[in-house]
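Reader: Hey, can you walk me through this protein? I'm new to this, so plain words please.

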Amino acid sequence: MAKAFKYGLKGITGFLEPAERELLRSLFDDVVSMLEPGDSGSQDPLTALIGLDMDVREPSDRALRRLLPNVMKDDGAASLEFRQLTERSLRETKIGALRAAALDLDKDELVLADADARHWSMALNDVRLVLAERLDIQDEADADHVHQMQDWSQAEDVESYLALVYNFTTWLQESLVQAMLQAMESRP
């Protein structure tokens, strides 16, 4: 059974069972697949080189839209312009964090340096955002309903399984954030 992340003499440490590692690796890979940009063969090589993507559009998938939201709700043109200038680098940053966290899963012992902890925090947050969208969590009542699902033996359908995975990643992220705060407070 997983043990919460904690801050101590070694830094931020955690423990995951092999099945939990495989679950997280699969979740990280799924989110990476969502974030990888499609092939835009018509893109100007110079704009691609500097990170612009003039062909980008608002994602149609709700979960991907949650990962890559519009910056201005009431100004579609400004949001599109911002998206063209930043989405490629945002996707690359998120993919980098997810892949870095996945690499840590190959180690026997989870000991996270500051950069590793940031990658894990970003990766877990992105997984939670996707799961929250798939579970249609829109408000606190929805979240409370999902949090009531705690027993793996009661998982009878995809929704209850996703709720358990959401609760697991939430617990893991909360313990990581607490450990990161303790690490910050312990520094002079």
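Author: Sure, let's begin with a term. Buried means under 20% relative accessible area, exposed means over 50%, and partly exposed is in between, using a 1.4 Å probe and protein chains only.

Reader: Okay, so how does Arg66 count, at 30% relative accessibility?

Author: Arg66 counts as partly exposed, because its relative accessibility is 30%.

Reader: And what kind of model is this?

Author: It's a predicted model: local features need pLDDT of at least 70, side-chain atom pairs count only at pLDDT 80 or more, and totals for chains, interfaces and linings use all residues. Residues are numbered from 1 along each chain as its sequence is written, and side-chain values use heavy atoms, with hydrogens and water left out.

Reader: Got it. What does Arg66 form a salt bridge with?

Author: Its partner is Glu133, with the closest N and O atoms 3.0 Å apart. Arg66 is in helix H3 and Glu133 in helix H5, so this pair links distant parts of the chain, 67 residues apart. A salt bridge here is a side-chain nitrogen of Lys or Arg within 4 Å of a carboxyl oxygen of Asp or Glu. Helices are DSSP runs of H or I with at least four residues, strands are E runs of at least two, and both are numbered from the N terminus.

Reader: Is Glu133 buried or exposed?

Author: Glu133 is buried, because its relative accessible area is 11%.

Reader: Which residues are in a salt-bridge network with those two?

Author: Arg62 and Asp136 are linked with Arg66 and Glu133 in a network of salt bridges. Asp136 sits just after H5 and takes a positive phi of about 60°.

Reader: How many salt bridges does the count come to?

Author: The count comes to 14. One of them joins the side chains of Arg83 and Glu87, at 2.4 Å from N to O. Those two are four residues apart in helix H4, which means about one helical turn separates them. Both Arg83 and Glu87 are buried.

Reader: Any salt bridge with Asp114?

Author: Asp114 forms one with Arg187, the closest N and O atoms being 2.7 Å apart. Asp114 lies in helix H5 and Arg187 in the segment after H7, so the pair ties together parts 73 residues apart in sequence. Asp114 counts as partly exposed at 38% relative accessibility, and so does Arg187 at 40%.

Reader: New topic: which residues touch the most other members of the largest nonpolar core?

Author: Phe5, Leu16, Leu24, Phe28 and Trp120 do, out of 44 residues in that core. Among the elements that each supply at least two residues are helix H1 (18–35), strand S3 (110–112) and helix H7 (158–186). A nonpolar core is a set of buried Ala, Val, Leu, Ile, Met, Phe, Trp, Tyr and Cys residues joined through side-chain atoms within 4.5 Å.

Reader: What is Leu16 in contact with?

Author: Leaving aside neighbours within four places in sequence, its contacts (heavy atoms within 4.5 Å) include Ala2, Leu24, Trp120 and Phe168.

Reader: Back to H5 for a sec: how many residues does it have?

Author: H5 has 21 residues and reaches 30 Å from its first C-alpha to its last, close to the 30 Å expected at 1.5 Å a residue. That expected span is 1.5 Å times one less than the number of residues. Buried residues in H5 include Trp120, Leu124 and Leu131.

Reader: Last one: is Leu46 buried or exposed?

Author: Leu46 is exposed, because its relative accessible area is 52%. Leu46 is found in helix H2 (residues 45–49).
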